[in-house]
Amino acid sequence: MNTPGYVAAVLAKAEAGGVHAAELAALRRRLLQLGEHQAGRLPGEVLEPLGDLPCLDELPGPSRGQAREVLDRLVVVKLNGGLGTSMGLSGPKSLLEVKPGTRFLDVLATQVLALRERYGARLPLVLMNSAATRDPSLDALRRYDGLRVAGVPLDFLQGREPKIRADDLQPVQWPADPELEWCPPGHGDIYTALAASGTLDALLGAGLRYAFVSNSDNLGAPADVRIAAWLAVQQVPFALEAVRGTPADRKGGHLARYRGRVVLRETAQVPAGDTSFTDVERWRWFNTNNIWIDLRALKDLQAADPAAPALPLIVHRERVDPRDPASTPVIQLEWAMGAAIGSIPGARAIHVPRSRFAPVKTTDDLLVVRSDAYELTNDGQMRPRFDGPGPVVTLDKDFYKLLPDFEQRFPAGAPSLRRCRRFEVDGDVTFGAGVVAVGDVQVAGPRHVPDGQVLSG
């Protein structure tokens, strides 16, 4: 097969920009995938539903000694490269307050330190940062004495690759801000970033065997010793936590069976006109982006193929400057880390409760976690206080999408949502203190909701 001409141009720019050899190999694979028929597409008609999964609540709890042993060989990795630009932030999203005086990183550090104290294990915390999030995030963690573990880095950097023009697939040029010519290759970059940064070797050299990886904005996902023990006993090289999908799952992907193997289909892989993606009765299992990796198995895979594991392509179409709709149309090539379930022999999925999946992607999500729908315990657990699937919040994007606008309209904090099923706000509405929402609530503006008012469907 002839190599398309654009491949060499993009790889040349990446190499000149200092991209590591392993990451170059992964980028080359993505570029070649782009030239394939239906690149980055996975129609529902070729997929089959996935059957029942092993359930976390049915796993046996290990003894205290077994728990300490497995946690002593486990590292917690948090994906921390995001700046929260969709909310109008210019710094790390993980430094956003989720409860008064408490930020995402505070909760994550507390979770790890509490587990260490409970079991007497090392359990290092490692961040996968971007260049923009590294310094402020590490500064925020300095307040936690003893968090650093000897021989284990506190962070490593995600990779980057050139954005390519949508018209001719050449590397884009943007002299007004050359940094905008580059993008991260999605969280599937973690596998090659671990190797390229030397972190994989450092972790193995420190006697660590397993990694639990999740997003820094998902506070419902502390390391669970039952899954860690199951991974070790069953010798599972890779595991993905899945929840039962609901209509409220607006982003992310579902699991299915394709040509005899389990695959993950993300929103960006759905062809135009394919409405099957939202059928949560057919596609029951939804990806949480909580994964478990046997680091030794990953090392063996990459010894044979530096770009391993091989993952399906995700094509994102953007503008080179996302803030400028008139800027050059570009393509960003990404991989999803959970898609490794379809390429690592012996990989498994496990059914976990919804409490382990509470990501904050928008101000809608932020309102829920700031409200009394979730209680933050002293050991960093974000515990749901609602019955059923939890409140679904939809705020008017014209007035609440950006954090400063959002906080201006909730000056006294979030309303009570623990007895609310649906909370929808249309128009410009400002909320007083002690507002309570019950059942299905719709509020239209412009208006001010006074202190203590009870809103009910």
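Which residues of helix 2 are buried? Keep that question in mind as you open the structure, which is a predicted model, and begin the tour by selecting residues 21-34, the stretch that makes up helix 2.

**Helix 2 and the sheet beside it**

Helix 2 has 14 residues and reaches 20 Å from its first C-alpha to its last, which is close to the 20 Å expected at 1.5 Å a residue. Its buried residues are A22, E23, L24, A26, L27, R30, L31, Q33 and L34. If you now show what surrounds these buried residues, you will find that they pack against several elements, among them helix 1 (5-16), helix 6 (190-196) and strand 6 (161-162).

Next, select strand 7 (164-165), strand 14 (314-319) and strand 15 (329-334), against which the buried residues of helix 2 also pack. These 3 strands form an open sheet in the order 7-15-14, with antiparallel pairing. Strand 7 and strand 14 stand at the edges and have a single partner strand each, so one side of each is left without a neighbour in the sheet. Helix 2 packs on this sheet, where it touches strand 7, strand 14 and strand 15, and its direction makes about 120° with that of strand 15. To look into the pairing itself, follow strand 14 and strand 15, which are joined in the antiparallel sense over 6 bridges, and pick out R317, whose bridge partner in strand 15 is I331.

**The loop after strand 7**

Move on to P171, which is found in the loop between strand 7 and strand 8 (182-183). With a relative accessible area of 13%, P171 falls under the 20% cut-off and therefore counts as buried. Leaving aside neighbours within four places in sequence, P171 is in contact with A9, V10, K13, K163, I164 and R165. It is also worth selecting V7 together with P171, since the two are 164 residues apart in sequence and yet 9.6 Å apart in space, C-alpha to C-alpha.

**Helix 8**

Select residues 225-234 to see helix 8, whose buried residues are V225, I227, A228, A229, W230 and L231. At the start of this helix, a side-chain oxygen of D224 reaches to within 2.8 Å of the backbone nitrogen of R226. Just after helix 8, Q235 takes a positive phi of about 55°.

**A hairpin**

Now select strand 11 (residues 253-258), in which 5 of the 6 residues are buried, and add strand 12 (residues 261-266), which pairs with strand 11 in the antiparallel sense over 6 bridges. The two strands form a hairpin with 2 residues between them, and R259 in the turn has a positive phi of about 55°. Within this pairing, the bridge partner of G253 in strand 12 is E266.

**A parallel sheet**

For the last stop, show the open sheet of 4 strands in the order 19-20-22-24, where the pairing is parallel. Strand 19 (392-395) and strand 24 (454-456) stand at the edges with a single partner strand each, so one side of each is left without a neighbour in the sheet. From one strand to the next, the twist averages 40°. Inside the sheet, 8 bridges join strand 20 (residues 416-426) to strand 22 (residues 436-444), and F423 has V441 as its bridge partner in strand 22. Finally, add helix 10 (residues 363-370), which lies across strand 19 and strand 20 and runs at about 130° to strand 19.

Key: Residues are numbered from 1 along each chain as its sequence is written. This is a predicted model: local features need pLDDT of at least 70, side-chain atom pairs count only at pLDDT 80 or more; totals for chains, interfaces and linings use all residues. Side-chain values use heavy atoms; hydrogens and water are left out. Buried means under 20% relative accessible area, exposed over 50%, partly exposed in between (1.4 Å probe, protein chains only). A polar contact is a pair of N or O atoms within 3.5 Å; within protein, one must be able to donate a hydrogen and the other to accept it, and residues adjacent in sequence count only if both atoms are side-chain atoms. Two strands pair if DSSP finds at least two bridges between them. The expected span of a helix is 1.5 Å times one less than its number of residues. Contact means heavy atoms within 4.5 Å. Axes are lines fitted to C-alpha atoms, for helices over the stretch in contact, and angles run from 0 to 180 degrees between N-to-C directions.
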